[in-house]
Amino acid sequence: MSFLEFLSGLLNTVLVAAIPVIVTAFAQYFTIKTKNERLNTYLCIATDSVKTAVNMVSQTVVEALKSDGKFTKDEQEKALAMAKQIAIEVMGEAALEALSLVTEDVDGWLIAKIEAGIFEGKE
């Protein structure tokens, strides 16, 4: 057996053993990438839903109460709860479930995003 024949046999053995490992690694990479892209899509939907809810409540409820001088602390809490409910309805079940993969406190995430949206609206 020549050196080239030995090298060819060794290379074939290594490649036959390595191909399944390489294919599995690529499959895992693309599975993770797909899950991450889906998760990012749901997070964008959730964030946009919060912005939509803040704008809706601000334009329909808050401005009217402010113009009448009736925007009390109690009304602020009601507006926050209304914005949270609207955001949940707009984003849908899939995006809401995706949020639970990102944070243990979905309610806290929603409130923080709503408050950030309110702050951005004031600027």
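Asp-74 and Lys-78 sit four residues apart in helix α2, so about one helical turn separates them. Their side chains meet in a salt bridge, with 3.6 Å from N to O. This is a predicted model, so take that distance as a computed value. Neither partner is tucked away: Asp-74 counts as partly exposed at 42% relative accessibility, and Lys-78 is partly exposed as well, with a relative accessible area of 47%.

Lys-78 has another partner. Its side chain also meets that of Glu-75 in a salt bridge, this time at 3.7 Å, N to O. Here the spacing is three residues, again about one turn of the helix, and both residues lie in α2. The general idea is simple enough: side chains of opposite charge can pair when their charged atoms come close.

How many salt bridges does the structure hold? There are three. Besides the two at Lys-78, look for Asp-107 and Lys-84, where the closest N and O atoms are 2.2 Å apart. Asp-107 lies in helix α3 and Lys-84 in helix α2, so this pair ties together parts that are 23 residues apart in sequence. Asp-107 is partly exposed, with a relative accessible area of 34%, and Lys-84 is partly exposed too, at 24%. As for shared partners, salt bridges join Asp-74, Glu-75 and Lys-78 into one network.

Now turn to the nonpolar side of things. The largest nonpolar core has 17 residues, and those touching the most other members are Val-50, Val-57, Met-91, Leu-99, Trp-109 and Leu-110. Which elements give two or more residues to this core? They are α1, running over residues 3-67, α2, covering 73-102, and α3. Of these, α2 gives the most, with seven residues.

Val-57 is a good place to zoom in. Setting aside neighbours within four places in sequence, Val-57 is in contact with Val-62, Ala-79, Met-82, Ala-83 and Ile-86. Ser-49 is another spot worth a look, and its place is in helix α1. Is Ser-49 buried or exposed? At 3% relative accessibility, Ser-49 counts as buried, because the cut-off for buried is under 20%. Not counting residues up to four places away in sequence, Ser-49 touches Ala-87, Val-90 and Met-91. Met-91 is also one of the core residues that touch the most other members.

Not every nonpolar side chain is hidden, though. Phe-3, Leu-4, Phe-6, Leu-7, Leu-10 and Val-14 form a nonpolar patch on the surface, and together they have about 630 Å² of accessible area. Take Phe-6 as an example from that patch: its place is in helix α1, and it is partly exposed, with a relative accessible area of 44%.

Finally, there is Lys-113, which you can find in helix α3, made of residues 106-122. Lys-113 is partly exposed, with a relative accessible area of 33%. For a sense of scale, try the C-alpha to C-alpha distance from Lys-113 to Pro-20: 45 Å in space, for two residues that are 93 apart in sequence.

Conventions. Residues are numbered from 1 along each chain as its sequence is written. This is a predicted model: local features need pLDDT of at least 70, side-chain atom pairs count only at pLDDT 80 or more; totals for chains, interfaces and linings use all residues. Side-chain values use heavy atoms; hydrogens and water are left out. Buried means under 20% relative accessible area, exposed over 50%, partly exposed in between (1.4 Å probe, protein chains only). A nonpolar core is a set of buried Ala, Val, Leu, Ile, Met, Phe, Trp, Tyr and Cys residues joined through side-chain atoms within 4.5 Å. Contact means heavy atoms within 4.5 Å. Patches are made of residues with over 30% relative accessible area and no salt bridge: like charges are joined within 9 Å, nonpolar side chains (Val, Leu, Ile, Met, Phe, Trp, Tyr) within 5 Å. Accessible areas come from the Shrake-Rupley method with a 1.4 Å probe; for residues, only the protein chains shown count as cover. A salt bridge is a side-chain nitrogen of Lys or Arg within 4 Å of a carboxyl oxygen of Asp or Glu.
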